[in-house]
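Me: I would like a close look at a single part of this model, with its surroundings described as well. Please keep it plain and go step by step.

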Amino acid sequence: MKCPASLVRLFLAAMALGLAGSSQAQTPAPATNSAPASAAAPTLDFGDSKSSTLTGKAWGALGSKDYVSLKGYTEKCIELYKAQAITQQASLKEAAPADKANEYWALNDVGTCYFLQGKALDDQGDKKGALAAYKFLAENLSFAQCWDTNGWFWKPADAARKRLVEIQFDAAQ
């Protein structure tokens with residue numbers, strides 16, 4: 001996926017926080033192209049509904065601190081691809097090597113979406129919600145990988161585990 005300038009800026013900001021960019025492409029599942037309209041939630045453009053598209057839009061929403069849109073994009077990705085992500089996780093005994101990582105696109109993007117949800121909730125002060133998202137990722141999608149535009153994969157579950165420890169330590173203070 002080619003990143004627009006706003007995603008590049010987001011990536012640079014994420015790098016400063018020890019995070020990185022979106023996962024890789026895959027075959028889309030059928031889906032509607034917009035979220036249900038409500039008084040509080042904006043109508044979202046899910047594009048082609050590919051997990052990589054939804055994850056990329058979620059990264060963009062995180063960069064602009066648009067937490068409502070981030071929640072919509074990540075929830076749609078999780079709704080469409082969570083079952084496949086769990087199946088892909090179950091097929092592995094360890095994280096896929098870099099040359100095979102893209103084959104696990106659902107695992108990678110859904111795992112990244114759980115990380116993004118945790119980060120957004122954490123940023124908003126919802127430590128309980130952040131803990132739940134990070135915990136699900138660490139316990140159920142531990143082999144998820146996220147492509148860093150500098151040329152390597154990083155593991156959202158590792159970052160989630162680190163943040164889990166930090167949040168729990170802060171709560172004990």
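Which residues are exposed on the other side of α6, away from its buried ones?

Reply: The exposed residues there are Lys162, Val165, Phe169 and Ala172. What follows concerns a predicted model.

Start with the helix itself. α6 holds 17 residues, and its first and last C-alpha atoms are 24 Å apart, close to the 24 Å expected at 1.5 Å a residue. Its buried residues are Pro156, Ala157, Ala160, Arg163, Leu164 and Ile167. Viewed down the axis of α6, these buried residues lie within an arc of 120°, so they line one face of the helix. The spacing follows from a general property: an α-helix has 3.6 residues a turn, so residues three or four places apart point the same way. Val165 and Phe169 are among the exposed residues on the other side of α6, although nonpolar side chains in soluble globular proteins tend to be buried together.

Next, the partners of the buried face. The buried residues of α6 pack against two helices, α4 and α5, and two strands, β1 (146-148) and β2 (152-154). The arrangement can be read from α5 too, since α4 and α6 are among the elements that cover the buried residues of α5.

α5 can be described in the same terms. Its 14 residues should span 20 Å at 1.5 Å a residue, and the end C-alpha atoms are 20 Å apart, which agrees. Gly129, Ala130, Ala133, Tyr134, Leu137 and Ala138 are the buried residues of α5. They occupy an arc of only 160° around the axis, which places them on the same side of α5. Lys128 and Glu139 are exposed on the other side of α5.

These helices also contribute to the largest nonpolar core, which has 40 residues; the members that touch the most others are Leu70, Tyr81, Leu107, Val110, Tyr134, Leu137 and Leu141. Elements giving two or more residues to this core are α2, α3 (67-90), α4 (105-123), α5 (127-140) and α6 (156-172). The largest share is that of α4, with 9 residues. Two of the core members with the most contacts, Tyr134 and Leu137, are also among the buried residues of α5.

The charged residues come next. Arg163, which is one of the buried residues of α6, belongs to a network of salt bridges with Asp122, Lys127 and Glu166. The whole structure has 7 salt bridges. In α4, the side chains of Lys119 and Asp123 form a salt bridge, with N and O 2.7 Å apart. The two residues are 4 places apart in the helix, about one turn. Lys119 is buried, because its relative accessible area is 16%, under the 20% cut-off. Asp123 has 38% relative accessibility and therefore counts as partly exposed.

Further pairs lie in α3. Lys76 and Glu79 form a salt bridge with the closest N and O atoms 3.6 Å apart; they are 3 residues apart in α3, which means about one helical turn. Lys76 counts as buried because its relative accessibility is 11%, whereas Glu79 is exposed at 56%. Glu75 and Lys71 form a salt bridge as well, with the closest N and O atoms 4.0 Å apart. They are 4 residues apart in α3, about one turn. Both ends are partly exposed, with a relative accessible area of 39% for Glu75 and 48% for Lys71.

α3 also contains Ser69, which counts as buried because its relative accessibility is 6%. The side chain of Ser69 makes a polar contact of 2.6 Å with the side chain of Asp66. Leaving aside residues up to four places away in sequence, Ser69 touches Pro42, Leu44 and Ala61. Ala61 is one of the buried residues of α2.

α2 contrasts with α6 in how its burial can be stated: 10 of the 13 residues of α2 are buried, while α6 has buried residues along one face of the helix. α2 covers residues 51-63 and reaches 18 Å from its first C-alpha to its last, close to the 18 Å expected. After α2 comes Lys65, with a positive phi near 55°.

To return to the request: α6 sets Pro156, Ala157, Ala160, Arg163, Leu164 and Ile167 in buried positions, and Lys162, Val165, Phe169 and Ala172 are exposed on the other side.

Definitions and conventions: Residues are numbered from 1 along each chain as its sequence is written. This is a predicted model: local features need pLDDT of at least 70, side-chain atom pairs count only at pLDDT 80 or more; totals for chains, interfaces and linings use all residues. Side-chain values use heavy atoms; hydrogens and water are left out. The expected span of a helix is 1.5 Å times one less than its number of residues. Buried means under 20% relative accessible area, exposed over 50%, partly exposed in between (1.4 Å probe, protein chains only). A nonpolar core is a set of buried Ala, Val, Leu, Ile, Met, Phe, Trp, Tyr and Cys residues joined through side-chain atoms within 4.5 Å. The arc is that of the directions from the helix axis to the C-beta atoms. Contact means heavy atoms within 4.5 Å. A polar contact is a pair of N or O atoms within 3.5 Å; within protein, one must be able to donate a hydrogen and the other to accept it, and residues adjacent in sequence count only if both atoms are side-chain atoms.
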